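Work through the exercises below with the model open beside you. Try each task before reading its solution.

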Amino acid sequence: MTIRSASFSAASFAPRARSAAITVGACAASKSASSPVCHEVCFSGSTASGPFSLPPLPYPEDALAPVISATTIGFHYGKHHRAYVDNLNKAVADTDFANKSLDDIVKATANDPARVAIFNNAAQDWNHTFYWNSMRPNGGGIPTGAIADHIKDSFGDYAKFRQDFASAAP
Ligand SMILES: [Fe+2]
């Protein structure tokens with residue numbers, strides 16, 4: 001699994017429509033026989049109530065196995081990510097932040113001791129959304145384009161970058 005080079009625009013983090021976090025129909029469309037977690041995620045009972053909602057996963061929960069299991073995806077998506085969205089909605093209720101984009105909330109609340117709860121939940125919503133969209137089934141390969149140029153400039157070649165990265169990650 002590697003980071004894909006597809007574009008990922010800031011528009012992805014604009015306030016999402018007020019709606020139930022996941023509908024049964026959306027779940028059924030993404031559920032597969034090997035993804036029992038989907039049922040748990042889809043029917044966990046939590047729904048978004050506020051300007052932010054849980055964005056759909058860009059792939060089925062079992063699509064990244066065996067690198068990341070459906071259970072792990074389901075846990076981080078259906079529980080962690082959902083909780084951050086729900087808590088963000090509670091934290092921004094009746095504030096000016098309810099009408100701001102996720103990007104703007106993160107920037108406006110960073111390092112503000114009075115806005116820690118808003119920042120933490122907004123940043124974790126952003127982080128999880130970025131993470132889901134940074135991977136894809138059967139992804140991988142050597143980067144191309146601008147990122148490849150930066151890797152070459154900084155490390156000499158991809159093999160050296162990979163070696164240094166692996167050494168730095170415990
Ligand atoms: Fe998580």
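**Exercise 1: Loop residues with unusual backbone geometry**

Asn 138 sits in the loop that links α5 and α6 (145-155); helices here are DSSP runs of H or I with at least four residues, strands are E runs of at least two, and numbering starts at the N terminus. The model is predicted: local features need pLDDT of at least 70, side-chain atom pairs count only at pLDDT 80 or more, and totals for chains, interfaces and linings use all residues. Residues are numbered from 1 along each chain as its sequence is written.

Task: What is phi of Asn 138, and is Asn 138 buried or exposed?

Solution.
- Step 1. Phi of Asn 138 is positive, near 60°, and the residue is not a glycine.
- Step 2. Set the background: most residues other than glycine have a negative phi, and most peptide bonds are trans.
- Step 3. Apply the burial cut-offs: 20 or more other C-beta atoms within 10 Å of a residue's own means buried, 12 or fewer exposed, in between partly exposed, with C-beta atoms placed from the backbone.
- Step 4. Asn 138 is exposed because 8 other C-beta atoms lie within 10 Å.

Task: Which loop holds Asp 94, and what is its phi?

Solution.
- Step 1. Asp 94 is in the loop between α3 and α4.
- Step 2. Its phi is positive, about 60°, although Asp 94 is not a glycine.
- Step 3. Asp 94 has 6 other C-beta atoms within 10 Å, so it is exposed.

Task: Which residues does the cis peptide bond join?

Solution.
- Step 1. The cis bond joins Ala 65 and Pro 66, with omega about 10°.
- Step 2. Pro 66 belongs to the loop between α2 (37-42) and α3.

**Exercise 2: The α3/α5 pair**

Task: At what angle do the axes of α3 and α5 cross?

Solution.
- Step 1. Axes are lines fitted to C-alpha atoms, for helices over the stretch in contact; angles run from 0 to 180 degrees between N-to-C directions.
- Step 2. The axes of α3 (residues 70-92) and α5 (residues 116-133) come within 8 Å and cross at roughly 140°.
- Step 3. Contact means C-beta atoms, placed from the backbone, within 7 Å. On the α3 side the contact residues include His 76, Tyr 84 and Leu 88; on the α5 side they include Ile 118, Asn 121 and His 128.

Task: Which residues of α5 are buried?

Solution.
- Step 1. They are Ile 118, Phe 119, Asn 121, Ala 122, Asp 125 and Thr 129.
- Step 2. Their cover includes α3 and α4 (102-109).

**Exercise 3: Phe 161**

Task: Which residues does Phe 161 touch, not counting those up to four places away in sequence?

Solution.
- Step 1. Phe 161 is placed in helix α7 (residues 158-168).
- Step 2. It touches Ile 151 and Phe 155.
- Step 3. Ile 151 is 10 residues from Phe 161 in sequence, and 6.7 Å away C-alpha to C-alpha.
- Step 4. Phe 161 has 18 other C-beta atoms within 10 Å, so it counts as partly exposed.

**Exercise 4: The whole chain**

Task: How many helices and strands does the protein have, and what is its mean pLDDT?

Solution.
- Step 1. Seven helices, zero strands.
- Step 2. Mean pLDDT (the predictor's confidence in each residue, from 0 to 100) is 79, and 72% of residues reach 70 or more.
- Step 3. Over residues 1-46 pLDDT is below 50; this stretch has 83 contacts in the model beyond near neighbours in sequence.
- Step 4. Of the 170 residues, 24% are buried.

Conventions. Contact = placed C-beta atoms within 7 Å.
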